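New to this one? Take a quick look around the model first, and then we can walk through a few of its spots together.

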Amino acid sequence: MDRAKKVVNEKNERILLEMTKQPGNDTCADCGAKGPRWASHNLGVFLCIRCGGLHRKMGTHISKVKSISLDSWTPEQIENMRQWGNLKANAKWNPHSELHPVPVNASDR
């Protein structure tokens, strides 16, 4: 990876990590686990590794998952995360989360 790209990736990681400190973004949007390090950039939510895996199983036509620190992010993806965030996204996409609990068994369906 060239130096310029590395600098951009490090900057984007700092931006995303700062966003995870905001109320609502400091826990997984789906299960509430602390310290999410994954995100669905099209839905605008921060996720734990387990829920990120569940989102990946849904398919990229529903949720596009990336690691905050291991993947490269475009300015558009960062901006979508800024626009949404867990609280706003859950209010729109999952307003009655009690009716849609996260799977709890090992197979994660």
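What follows is a short tour of this predicted model, from its nonpolar cores to a few single residues, its cysteines and its inner space.

**The cores**

Let's start inside. In soluble globular proteins, nonpolar side chains tend to be buried together. Here the largest nonpolar core is made up of 10 residues: Cys 28, Ala 29, Trp 38, Leu 43, Val 45, Leu 47, Cys 48, Cys 51, Val 65 and Ala 89. Apart from that core lies another one, of nine residues, and Met 19, Ala 39, Ile 68 and Met 81 are among them.

Leu 43, a member of the largest core, has plenty to touch. Leaving out residues up to four places away in sequence, Leu 43 meets His 55, Ile 62, Ser 63, Asn 80, Trp 84, Ala 89 and Trp 93.

**Trp 84 and Asn 86**

One of those partners, Trp 84, sits in the loop between helix 3 (75–83) and helix 4. With a relative accessible area of 23%, Trp 84 is partly exposed, because buried means under 20%. Not counting neighbours within four places in sequence, Trp 84 is in contact with Leu 43, Gly 44, Ala 89, Lys 92 and Trp 93. His 41 is 43 residues away from Trp 84 along the chain, and their C-alpha atoms are 9.4 Å apart.

Now move on to Asn 86, which lies in helix 4 (residues 85–93). Is Asn 86 buried or exposed? Asn 86 counts as buried, at 2% relative accessibility. Its side chain has polar atoms 2.9 Å from the backbone oxygen of Gly 24 and 2.6 Å from the backbone nitrogen of Phe 46. Beyond its neighbours within four places in sequence, Asn 86 is in contact with several residues, including Asn 25, Thr 27, Cys 28 and Val 45.

**Asp 30**

Asp 30 is found in the loop between helix 1 (3–19) and strand 1 (38–40). This residue is partly exposed, with a relative accessible area of 32%. What does the side chain of Asp 30 make a polar contact with? The partner is the side chain of His 55, at 2.7 Å. His 55 also shows up in the list of residues that Asp 30 touches, next to Leu 47, Cys 51 and Val 102, again not counting residues up to four places away in sequence. And here is a pair from far along the chain: Asp 30 and Pro 101 are 71 residues apart in sequence, with 8.2 Å between their C-alpha atoms.

**Two cysteines**

How many disulfides are there? The count comes to zero. Cys 31 and Cys 48 show why: their sulfurs are 3.7 Å apart, too far for a bond, since a disulfide needs sulfur atoms within 2.5 Å. Here are the two of them side by side.

| Cysteine | Closest cysteine sulfur | Relative accessible area |
|---|---|---|
| Cys 31 | Cys 48, 3.7 Å | 38%, partly exposed |
| Cys 48 | Cys 31, 3.7 Å | 12%, buried |

**The empty space**

Last stop: the gaps. Rolling a probe the size of a water molecule over the atoms shows where empty space is left. A search of the whole structure turns up one cavity of 30 Å³ or more. The largest cavity holds about 30 Å³ of space. Its lining is formed by Asn 9, Asn 12, Glu 13, Ile 68, Ser 69, Asp 71, Ser 72 and Trp 73. You have met Ile 68 already, as one of the nine residues in the other core.

Technical notes
Residues numbered from 1 in each chain as written. Predicted model: local features only at pLDDT ≥ 70, side-chain atom pairs only at ≥ 80, totals over all residues. Heavy atoms only, no water. Core = buried A, V, L, I, M, F, W, Y, C linked by side-chain atoms within 4.5 Å. Buried < 20%, exposed > 50% of the residue type's maximum accessible area, 1.4 Å probe, protein only. Contact = heavy atoms within 4.5 Å. Helix = DSSP H or I, 4+ residues; strand = E, 2+ residues; numbered from the N terminus. Polar contact = N/O pair within 3.5 Å; in protein donor to acceptor, adjacent residues only side chain to side chain. 1 Å grid on protein atoms, 1.4 Å probe; cavity = no way out; pocket = protein on both sides within 12 Å on 5 of 7 lines; lining within 4 Å. Points joined across faces, edges and corners; volume = space filled by probe spheres on them.
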